[in-house]
Amino acid sequence: MSCSVVLLDMTAVNVMFLLQIVLLISVTTAEIPSYIKVCRRNDPNLAQCIINSIEYLRPKLKEGIPELNVPSIEPLPLNEIKLRSGPNQARINANITNLLVHGPSDFKIIDLKTDLQKTRFVAQFTIPNLHFEGDYDIDMNILFLKYQGKGPIRGNFTNYVFNCIFKGDKIQRDNDTYIQFRKFSLKLFTGKSYLYLGNLFGNNGAVLSEATNAFIRENTDLFIEEIKPVLEDSLSNKFTNIANSITTKFSYDDLFLQ
């Protein structure tokens with residue numbers, strides 16, 4: 001083998017080695033974006049620091065964060081809801097589909113308790129207003145009123161509070177520690193609700209339609225109790241995915257400085 005060939009081979013090896021070094025540096029020094037505010041783990045006001053970080057991030061959630069594969073939080077789609085309630089003389093069967101919820105990005109943090117050592121957090125949030133809209137297919141038999149029909153449905157959750165417990169596990173990857181959150185436990189309570197069914201009895205039944213909606217408003221809890229678990233599950237999945245999109249991309253040491 002000639003000397004020139006040996007030198008060429010060594011140059012190729014050196015280039016590959018340098019490329020590996022550059023790649024390693026680029027991976028280990030990935031910068032946290034400016035919209036993610038890190039906290040110090042020994043901060044005596046750690047809970048408030050985390051609250052401030054979440055508040056700083058919150059506006060980004062409405063538009064989504066493509067670089068972290070976080071889609072927009074609004075509108076929030078809900079799975080089909082089925083309502084089966086009451087005896088034959090006061091029966092309501094309804095399917096609610098194509099539900100979209102607006103307003104979850106306006107959440108406010110009321111309280112946060114942290115246990116960073118166990119990666120366990122307990123938070124209380126409020127959402128000033130959630131507006132939802134979709135389609136209904138209903139079969140009602142209430143005293144003298146019998147009705148089958150389809151149409152649009154809309155409503156509001158006002159000043160609802162939800163408690164949230166999120167527990168994470170520390171996992172090892174590429175010689176670094178990351179947090180992987182389990183599914184958030186989320187529960188909605190208190191607040192006021194409003195519900196309206198459009199297109200009841202068509203254009204010729206305005207009086208009867210208003211009377212029926214008045215009855216529905218008086219019994220909104222029947223619908224809301226069916227909607228709430230689906231809403232809780234959707235919010236839980238959404239917030240869990242958002243948290244993991246951040247904590248599994250940036251290491252524990254990067255997010256919580258020593």
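I take a residue as partly exposed when its relative accessible area falls between the 20% under which it is buried and the 50% over which it is exposed. Asp 169, at 28% relative accessibility, is therefore partly exposed. I keep in mind throughout that this is a predicted model.

**Entry: the whole chain**

I began with the overall make-up and found five helices and eleven strands in the protein. Of its 258 residues, 40% count as buried. I then looked at contacts between residues at least 6 apart in sequence, and 69% of these join residues at least 24 apart. The accessible surface comes to about 14700 Å², and carbon and sulfur atoms account for 55% of that area.

**Entry: the nonpolar core**

Which residues have the most contacts inside the largest nonpolar core? I found that this core has 66 residues, and that Ile 138, Phe 223, Leu 231 and Phe 239 are the ones with the most contacts inside it. Helix 4, which runs over residues 220-247, gives the most to this core, with ten residues. As background I noted that in soluble globular proteins nonpolar side chains tend to be buried together. I followed Phe 239 further and, leaving aside residues up to four places away in sequence, saw that Phe 239 touches Ile 73, Phe 107, Phe 162, Phe 184 and Leu 186.

**Entry: helix 2**

I turned next to helix 2, which has 18 residues and reaches 27 Å from its first C-alpha to its last, close to the 26 Å expected at 1.5 Å a residue. Where does helix 2 bend? The bend is at Leu 57 and amounts to about 35°, and a proline, Pro 59, follows within four residues. Leu 57 is also one of the buried residues of helix 2, which include Leu 46, Cys 49, Ile 50 and Ile 51. The buried residues of this helix are not confined to nonpolar names, since I also found Ser 53 and Arg 58 among them. At the end of the helix, Glu 63 forms a salt bridge with Lys 60, and the closest N and O atoms are 3.6 Å apart. Both residues lie in helix 2, three residues apart, about one turn of the helix. An α-helix has 3.6 residues a turn, so residues three or four places apart point the same way. Glu 63 itself counts as exposed, at 57% relative accessibility. Helix 2 is followed by Gly 64, whose phi is positive, near 90°.

**Entry: salt bridges**

How many salt bridges does a search of the whole structure find? The search finds seven, and besides the pair in helix 2 I looked up two others. Side chains of opposite charge can pair when their charged atoms come close. Asp 111 and Lys 113 meet in a salt bridge with an N to O distance of 2.7 Å. Asp 111 is partly exposed at 33% relative accessible area, whereas Lys 113 is exposed at 52%.

The other pair is Asp 169 with Arg 182, whose closest N and O atoms are 2.8 Å apart. Asp 169 lies in strand 7 (residues 145-173) and Arg 182 in the loop between strand 8 (176-181) and strand 9 (185-189), so the pair ties together parts that are 13 residues apart in sequence. Arg 182 counts as partly exposed, at 46% relative accessibility.

**Entry: Gln 180**

I stayed in this region to look at Gln 180, which has its place in strand 8 and is partly exposed, with a relative accessible area of 32%. Leaving out residues up to four places away in sequence, Gln 180 touches Lys 167, Gly 168, Asp 169, Ile 171, Asn 244 and Thr 248. I also checked Gln 180 against Ala 243, and although they are 63 residues apart along the chain, their C-alpha atoms are separated by 8.6 Å.

**Entry: backbone details**

Which residues does a cis peptide bond join? The bond joins Glu 74 and Pro 75, with omega about -10°, and Pro 75 lies in the loop between helix 2 and strand 2 (76-78).

I then noted two asparagines with positive phi. Asn 98 has a phi near 55° and is found in strand 4, which covers residues 90-102. At 55% relative accessibility, Asn 98 counts as exposed. Asn 175 has a positive phi of about 65°, although it is not a glycine. Its place is in the loop between strand 7 and strand 8, and Asn 175 is exposed, with a relative accessible area of 80%.

How values were computed. Residues are numbered from 1 along each chain as its sequence is written. This is a predicted model: local features need pLDDT of at least 70, side-chain atom pairs count only at pLDDT 80 or more; totals for chains, interfaces and linings use all residues. Side-chain values use heavy atoms; hydrogens and water are left out. A nonpolar core is a set of buried Ala, Val, Leu, Ile, Met, Phe, Trp, Tyr and Cys residues joined through side-chain atoms within 4.5 Å. Buried means under 20% relative accessible area, exposed over 50%, partly exposed in between (1.4 Å probe, protein chains only). Contact means heavy atoms within 4.5 Å. A salt bridge is a side-chain nitrogen of Lys or Arg within 4 Å of a carboxyl oxygen of Asp or Glu. Accessible areas come from the Shrake-Rupley method with a 1.4 Å probe; for residues, only the protein chains shown count as cover. The expected span of a helix is 1.5 Å times one less than its number of residues. The bend at a residue is the angle between axes fitted to the seven residues ending there and the seven starting there.
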